[in-house]
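Let's take a walk through this one together. Have the viewer open and follow along.

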Amino acid sequence: MAVGMAVDITIPAFEATPLDDIAQIAATARSSFQSQKTKDVEWRLVQLRKLYWGLTDYTEKFQAALKKDLNKPPHDAILTEIHHLFQDLDLTLKKLKDWVKDDKDIDYPWTFAAMKPRIRKEPLGAVLVIGAYNVPLMLSLAPFIGAMAAGCTAVLKPSENAPATAMVMKEMVEKYLDPSSFFVVNGAIPESTALLNERWAKIFYTGNNAVARIVAKKAAETLTPVTLELGGRNPSFVSKSADLALAARRLLWGKTINAGQICLSQNYVLVQKEVVDDFIKFLNASYHEFYPSGPQSSEDYARIINERQFDRIKKMLDTTKGKIVMGGETDRSDLYISPTVVLVDSIDDPMVTEESFGPVWSIVPFDTIDDAIRLANTVDSTPLALMTFGSKSENAKILDRVTSGGATINDAWMHGAIATLPFGGVGESGTGSYHGKASFDGFTHRRTVVEVPGWMDKLLRVRYAPFSPADFKRHLWLTGNRPGFDRDGKVLRGPAYWLWLVFGLGGPSAKGALLRWTVLFASAYAAFFQYRKYRI
Ligand code: NAD
């Protein structure tokens, strides 16, 4: 990481953007997009490089803000927020010139080759990004990087529940980025509502499913596309074939980082009955290893964001019928909840039915892997993440039969820690993905373009009136499909199929057909010369 320039470390008090300013901000973002300046790739790169320096200079201030908002340890602030953004930014800066190039490696019938079909990558326009409180910097700026890279102008609405980080982001964006193209609007529901009343080319929302429905309904009024990054009740599986000590240690990590306020962390762990007791022993051993003097006095343990979320999580502990087998301490005045595991005997327990989004989780015992799969699919058929610790075949079976936004084998949510790979949910846990190239794609319109040469008009005769049966027949002969399958859906493997595969024009791709015909003509050509030689 580069060395930053000194920045005043004082964190500004939270201040909502005046409601009256919001329409003007949105209008400026739209007119800046209309000015065409963001379409220049060099311009985008300069903005992204400025963001790089902004993040570098503000690293310490962001660490302080995250500490203030979530008691996030500075170590975690680097790992899960700042370093993550640098990785994403680094890839984007290196690859953007490739990503913006027209896509020509595309499939089309060979008869269209002369039209040079291609796909242009075009920015969607002025976009809105709404961030969440738990990883308030990364969840806001990672989509923002995608919007900038794609050539959009963007307005960011960070979570008001992480007010210090929201204010520092505003300060940094205003200091480093183009002031007519990139904005931070701070505030809560009134400001979000005012923003949603504006016209956007895309809305990118991270947060809970209830608000996602408000966002999606509002977007539907203007047919605005949305990406929704939501939560879920993520299952984890531990079978008797797993390395129990490793599974316990890793799952405890997954639920203690940021005090469990990680959308990807396990909500409940399905543990094979025979190993439940041992697994609990290993969990407690790791707990004491991580926090020898207890988590509350540890510098390495975060706090719950606010009283509202504290009360929500505490209610899960108060209403469970299960037994606490690890942790269980709470202190509202300190917004502290210790990492807590509850052994339950039903998936109807609030510890399973509610999304914890905190450091508490449950263990649900199971008999067979098939039972565990059935239970997981009953609790939530489209969670954001899935984690499994078992034999190779057990892991493969679980991966095959339980869907999720992403999955990790033999660890807690590591798939989400790779900053450059697509990240997103499925069904109730969200739609669309981002990070790395996926962020660029998410804010890009893929525009198909063809260029039809004048000389092709003779070949295009078939489309003009008066229609000619002869032209039509020739056209169908050239472009018609010959299926490689019968009416029962079976692939044809007879001689006719092979002949069709080698010599047929209607192959699966234009390149394939061209190759086959090149081979055919080359053979005919060679045969002709052989024949002439023979005659002489
Ligand atoms: P939050 O309270 O920070 O809210 C998220 C955003 O929604 C904020 O910017 C907030 O101002 C805005 N908002 C709130 N009410 C609104 C309204 N009526 N209209 C428009 N905007 C409104 O965070 P949260 O929603 O409580 O986040 C927790 C949830 O988000 C959990 O379910 C968690 O799993 C999920 N989450 C998902 C991801 C992911 O990447 N998939 C990441 C973080 C959190």
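**Starting at the ligand**

An N or O atom in the side chain of Ser-159 is 2.6 Å from an oxygen atom of the ligand, which fits the cut-off for a polar contact, a pair of N or O atoms within 3.5 Å. Keep in mind that this is a predicted model, where local features need pLDDT of at least 70 and side-chain atom pairs count only at pLDDT 80 or more, while totals for chains, interfaces and linings use all residues. Residues are numbered from 1 along each chain as its sequence is written, and side-chain values use heavy atoms, with hydrogens and water left out.

Back to the ligand. A polar side-chain atom of Lys-157 lies 2.7 Å from a ligand oxygen atom, and for Gly-131 a backbone N or O atom lies 2.7 Å from an oxygen atom of the ligand. In total, 28 residues surround the ligand (a heavy atom within 4 Å of it). Among the closest are Asn-208, Leu-230 and Glu-355.

Glu-355 also turns up in the lining of the largest cavity, along with residues including Gly-232, Lys-255 and Phe-357. The lining divides into 3 nonpolar, 5 polar and 2 charged residues, with Gly counted as polar. The volume of this cavity is about 30 Å³.

Now for the rings. The structure holds 16 aromatic pairs (ring centres of Phe, Tyr or Trp, the last by its six-membered ring, within 6.5 Å). Phe-290 and Tyr-291 make one that is edge-to-face (planes over 60 degrees apart), at 6.1 Å centre to centre and 80° between the planes. Phe-290 is partly exposed at 25% relative accessible area, whereas Tyr-291 is buried at 6%; buried means under 20%, exposed over 50% and partly exposed in between, using a 1.4 Å probe and protein chains only. Both belong to a cluster linked by ring pairs, together with Tyr-287, Tyr-301 and Tyr-336.

How values were computed
1 Å grid on protein atoms, 1.4 Å probe; cavity = no way out; pocket = protein on both sides within 12 Å on 5 of 7 lines; lining within 4 Å. Points joined across faces, edges and corners; volume = space filled by probe spheres on them. Phe/Tyr/Trp six-rings, centres within 6.5 Å; stacked < 30°, edge-to-face > 60°. Polar contact = N/O pair within 3.5 Å; in protein donor to acceptor, adjacent residues only side chain to side chain.
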